[in-house]
Amino acid sequence: MLSGGGVKGIALAGAVAALTDAGYEPRRVSGTSAGAIVGALVAAGLTGDALSEAAMRLDYERFADRVPLDRIPLLGAGLALLADDGLYRGDYARDWVATELEALGVRTFADLALDDGELPPEQRYKLVVTCADVTLGRLIRLPWDYRDVYGLDPDRQPVADAVRASMSIPLLFRPATVTNPDTGLASTLVDGGVVSNFPIDSLDRTDGRPPRWPTFGITLLPDIPGRDNGLLPRWLSRIVPTPVRLLERVVTTAVIGRDQAYQHKPWVQARTIAVDSDAAGFTDFAITPEQVKALHDDGYEAARGFLGTWDWTTYLDRYRRHPSGA
């Protein structure tokens, strides 16, 4: 399971590369926000050096494709937040993911289907991403919920659209929209981190039987309070109105606070790779190549350190009665 983390998501690629270099083959991947981006690449078959190279070639400055109002000096960014649904369009991110996936032969979720009779039919996919539907007020997992919630065939839905919805960080990126063809209701989807930024239990068995293999979680969540845990870029935080700054703190608490407490549970810590990196902030889109490499290497080394103490049998003996890998 891959958590959100903005630009810090580069470290997720490093951690997954370390796991695959150590011989672990991802069967299913769950991701939120930045974790959805990396997870989609992993589910499509990228591992090891190839995954690392993909993370390195992403143009992070273009990731911040600002809405038109933001072109107005000084006041433009604040106006964009007040007059629009987000500071950035998110078009570059969606197109980049779509291009990378198509190069790997993946366009819709049908291309990520699994033949696994032990899973419920709606969960037989290599990838699931977490979103928050603020119209319906509920957690959404795509492609699992496409049919039951939205009346859509999951096999016909573009993977890049689901990933884009999962990375719609409130205030930063415009939300995504999905319309139910039967009811005509248009739902607004935002970053899944608002309700669960680290849903490590999303791939757990629910039938009480022992897991078939381990599920690892990789998290980039900082502690609150911390030096660099805000969602808005530092330059923007200094000029936006006070209500917007308060809203940012509320969203940050929603994204980080809930999962910060959950991660301290022993059976969660036991299978979590926690990447501690201050090489760049969540919204540092002007990140340098040196910072990119530092984040990647932090993730790689964190995973290597975790594997040095990990023992599957010990984990099963100690925690199999608690939620564990599926």
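Here are three short exercises on the structure above, each with a worked solution.

The model is predicted, so local features need pLDDT of at least 70 and side-chain atom pairs count only at pLDDT 80 or more, while totals for chains, interfaces and linings use all residues. Residues are numbered from 1 along each chain as its sequence is written, and side-chain values use heavy atoms, without hydrogens and water.

**Exercise 1. Find the largest cavity and describe its lining.**

Start with the term: on a 1 Å grid over the protein atoms alone, a cavity is a set of points where a 1.4 Å probe fits but cannot get out, and lining residues have an atom within 4 Å of a point. The structure holds two cavities of 30 Å³ or more. The volume of the largest is about 250 Å³, taken as the space filled by probe spheres set on the points. Next, look at the centre: among the 24 lining residues, Gly-6, Ala-34, Ile-37, Leu-58 and Tyr-60 are the closest to it. Then turn to the elements, where helices (H or I, at least four residues) and strands (E, at least two) are DSSP runs. H2 gives the most to this lining, with four residues. Finally, sort by class: the lining has 20 nonpolar, four polar and no charged residues. Here Ala, Val, Leu, Ile, Met, Phe, Trp, Tyr, Cys and Pro count as nonpolar, Asp, Glu, Lys and Arg as charged, and the others as polar.

**Exercise 2. Work out how H1 and H3 are arranged.**

Two packed helices are described by the angle between their axes and the distance between the axes. The H1 and H3 axes come within 8 Å and cross at roughly 170°. That makes H1 roughly antiparallel to H3 (angles over 145 degrees count as such). Now list the contacts (heavy atoms within 4.5 Å): Ile-10, Ala-13, Val-16, Ala-17, Thr-20 and Asp-21 of H1 meet Gly-48, Leu-51, Ser-52 and Ala-55 of H3. By class, these residues are six nonpolar, three polar and one charged.

**Exercise 3. Classify the ring pair of Phe-109 and Tyr-125.**

Rings of Phe, Tyr and Trp (its six-membered ring) pair if their centres lie within 6.5 Å, and planes over 60 degrees apart count as edge-to-face. The whole structure has 15 aromatic pairs. For Phe-109 and Tyr-125, the ring centres are 6.1 Å apart and the planes stand at 85°, so the pair is edge-to-face. Both residues lie in the loop between H6 and E3, so the pair ties together parts that are 16 residues apart in sequence.

Notes: On a 1 Å grid over the protein atoms alone, a cavity is a set of points where a 1.4 Å probe fits but cannot get out, and a pocket is an open set with protein on both sides within 12 Å along at least five of seven lines; lining residues have an atom within 4 Å of a point. Axes are lines fitted to C-alpha atoms, for helices over the stretch in contact, and angles run from 0 to 180 degrees between N-to-C directions. Angles under 35 degrees count as roughly parallel, over 145 as roughly antiparallel, 65 to 115 as roughly perpendicular and the rest as oblique. Rings of Phe, Tyr and Trp (its six-membered ring) pair if their centres lie within 6.5 Å; planes under 30 degrees apart count as stacked, over 60 as edge-to-face and the rest as tilted.
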